[in-house]
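Let's take a walk through this model together. Have a look at the picture, then read on.

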Protein chains: 2
Amino acid sequence: MDRAPQHKSQTARIGDLLRELIVGARYAPGQKLRIDDLCSELEGSSSAVREALSRLTAEGLVVALPQKGFVVAPISRHDLIDLTEVRVHIEQRCLEQSIRAGDIEWEGRILSIRHRFLALSGAYKKAGSPEARRWHQLHQQFHDELTSGCANRWWRRLRRQLYMQSERYRRLSGPFADYDRDVDGEHRTLADAVLARDVKQATALITNHLRTTTDILLASSMEFSDDETPSSQAATAG
Amino acid sequence: MDRAPQHKSQTARIGDLLRELIVGARYAPGQKLRIDDLCSELEGSSSAVREALSRLTAEGLVVALPQKGFVVAPISRHDLIDLTEVRVHIEQRCLEQSIRAGDIEWEGRILSIRHRFLALSGAYKKAGSPEARRWHQLHQQFHDELTSGCANRWWRRLRRQLYMQSERYRRLSGPFADYDRDVDGEHRTLADAVLARDVKQATALITNHLRTTTDILLASSMEFSDDETPSSQAATAG
DNA sequence: TTGCAATACAAAATGCATATTTTTTGCTTT
DNA sequence: AAAGCAAAAAATATGCATTTTGTATTGCAA
């Protein structure tokens, strides 16, 4: 085949696509990921798909069942609660160090992304639209930049890993979970506190930001793997 | 009857082998990992080797250079310092929660592993020997059990990830780094503090344990990637 | 004439695709 | 209902094409 000279390897391309699909809630938790289906859907060979899946396994987005293939990582209330606790802790450390070490360039990047991000206010509500996609991109970049002053690569690496996990839970709930919530305001005041180098205020705000999101998700109508279905309730009751 | 008792897939087998080889410092940091060599060395096909390498990539033990293959993750003083800071934080959280939530079974497991581990006192000094290998296994299990009471799977997962990274640095230094150090004593008093449910004492001990190790490694004759070699010094000087 | 550099060619290794083997799962038959 | 058989899917092996790297030769300059 005379394929175009892609500087990005097939594996990387498929891996990024799959991550986007899983985090973007296009694939349901626990769903079986059949190699052949993914090959035709993502237009790649089984080697590339398999390799991408292996990498996502170590990221915790995919689970490998020996001799049985791959499934999308399941979700549960318990997992979300655990995840949130750890993430709060790590976001706090990243923010704290970022505020202490951030330079003028860093301040500039925050001002820039805050401006661009808030300009897309509410775009995430149009689920599946290009604007929503752009909003999610900028949201990720916004939180990335806030913590980009943190010089410790391991903190940043773990933060990114946990962000992906949380983001999946958020996207799984649809855009309706935080209906009457001032998301823009939360982000604006957070950026303000960071730029004002107010560590105490910033860590308090990010903590509240994340905890609130989790509380909303837990109270939402989202289906968790550890929820008891009516049938299973009847089964245990009968 | 006559079916091979290999319930472990080839990929998993090769992945575990490779992890052991890299963490055990059998492969040098930055070393190129040629697929063909690994195939004959580990007795597997290129598919399996490639898949195992992909997984280790996400674990941070291997780095993939697009179109150029895989190399063992490089090491540096900076990385070790960052890693240690993060690990201290996370080990503290795990220990704290483990102490608060651990039950009788958990206490039993700690007593058991402490007994078996301390019985192998000093075995790690015989580098490459079966006893040293056993010692490293039990050392890992010892620290695992201390934190096994922590109910939060994400804390435990991150802890394990960072343990592997730190362990590699430790093994790379050889068994001589902590020559006149009372390693047994440190482990014994740590286990005592944990069993006594003394959070403050236990976290202080683990912090000191990890920081001391890192200080010794940084002061040792270990070669880091960010060390200036005589030739590069001469080059920059001239 | 000699030394250095640049380019081109060859060898090797990576990355992708296809084929084969093994395992699992579901269905049929006894 | 249990056991065996068949179909499907996953795991593994092999083969080919593309890219990279090392080396050698040639050309230019001193």
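Start with helix H9 of chain B, and keep in mind that this is a predicted model. In H9(B), the buried residues are B:Ala202, B:Thr203, B:Leu205, B:Ile206, B:Thr213, B:Thr214 and B:Leu217. Look down the axis of H9(B) and you'll find those buried residues within an arc of 165°, so they line one face of the helix. Why can residues that are apart in the sequence share a face? An α-helix has 3.6 residues a turn, so residues three or four places apart point the same way.

What sits on top of that buried side? The cover over the buried residues of H9(B) includes helix H4 (77–101), helix H7 (153–172) and helix H8 (183–195) of chain B. Turn to the face of H9(B) that points away from its buried side, and you meet the exposed residues B:Lys200, B:Asp215 and B:Ala219.

You can also check the length of this helix. H9 of chain B runs over residues 199–219, which is 21 residues, and at 1.5 Å a residue it should span 30 Å. Its end C-alpha atoms are 30 Å apart, so the two values agree.

Now for how the two chains meet. 23 residues of chain B are in contact with 23 residues of chain A. On the side of chain B that touches chain A, H3, H4 and H7 of chain B each supply at least two residues. H3(B) gives the most to that side, with eight residues. Sorted by class, this side of chain B has eight nonpolar, seven polar and eight charged residues.

How do the two copies relate? Chain B can be laid on chain A by a turn of 180° and a shift of 0.0 Å along the axis, with an RMSD of 0.1 Å. That is the relation of a two-fold axis. On top of that, 100% of the interface residues of chain B are also interface residues in chain A, so the copies meet through the same surface.

Finally, the DNA. Here are the surfaces near the two strands:

| Strand | Residues around it | Among the closest | Classes |
|---|---|---|---|
| DNA strand C | 21 residues | A:Gln10, A:Ser45, B:Arg34 | four nonpolar, twelve polar, five charged residues |
| DNA strand D | 21 residues | A:Arg34, B:Gln10, B:Ser45 | four nonpolar, twelve polar, five charged residues |

Near DNA strand C, helix H1 (10–23) and H3 of chain A, together with helix H2 (35–42) and H3 of chain B, each supply at least two residues. H3(A) gives the most to the surface near DNA strand C, with three residues.

Technical notes
Residues are numbered from 1 along each chain as its sequence is written. Chains are lettered from A and ligands numbered from 1 in the order in which they are written. This is a predicted model: local features need pLDDT of at least 70, side-chain atom pairs count only at pLDDT 80 or more; totals for chains, interfaces and linings use all residues. A residue is near a molecule or strand if its C-beta atom, placed from the backbone, lies within 6 Å of it. Ala, Val, Leu, Ile, Met, Phe, Trp, Tyr, Cys and Pro count as nonpolar, Asp, Glu, Lys and Arg as charged, and the others, Gly among them, as polar. Copies are superposed by least squares on the C-alpha atoms of residues with pLDDT of at least 70 in both. Two residues are in contact if their C-beta atoms, placed from the backbone, lie within 7 Å. Helices (H or I, at least four residues) and strands (E, at least two) are DSSP runs, numbered from the N terminus. The expected span of a helix is 1.5 Å times one less than its number of residues. A residue is buried if 20 or more other C-beta atoms lie within 10 Å of its own, exposed if 12 or fewer, and partly exposed in between; C-beta atoms are placed from the backbone. The arc is that of the directions from the helix axis to the C-beta atoms.
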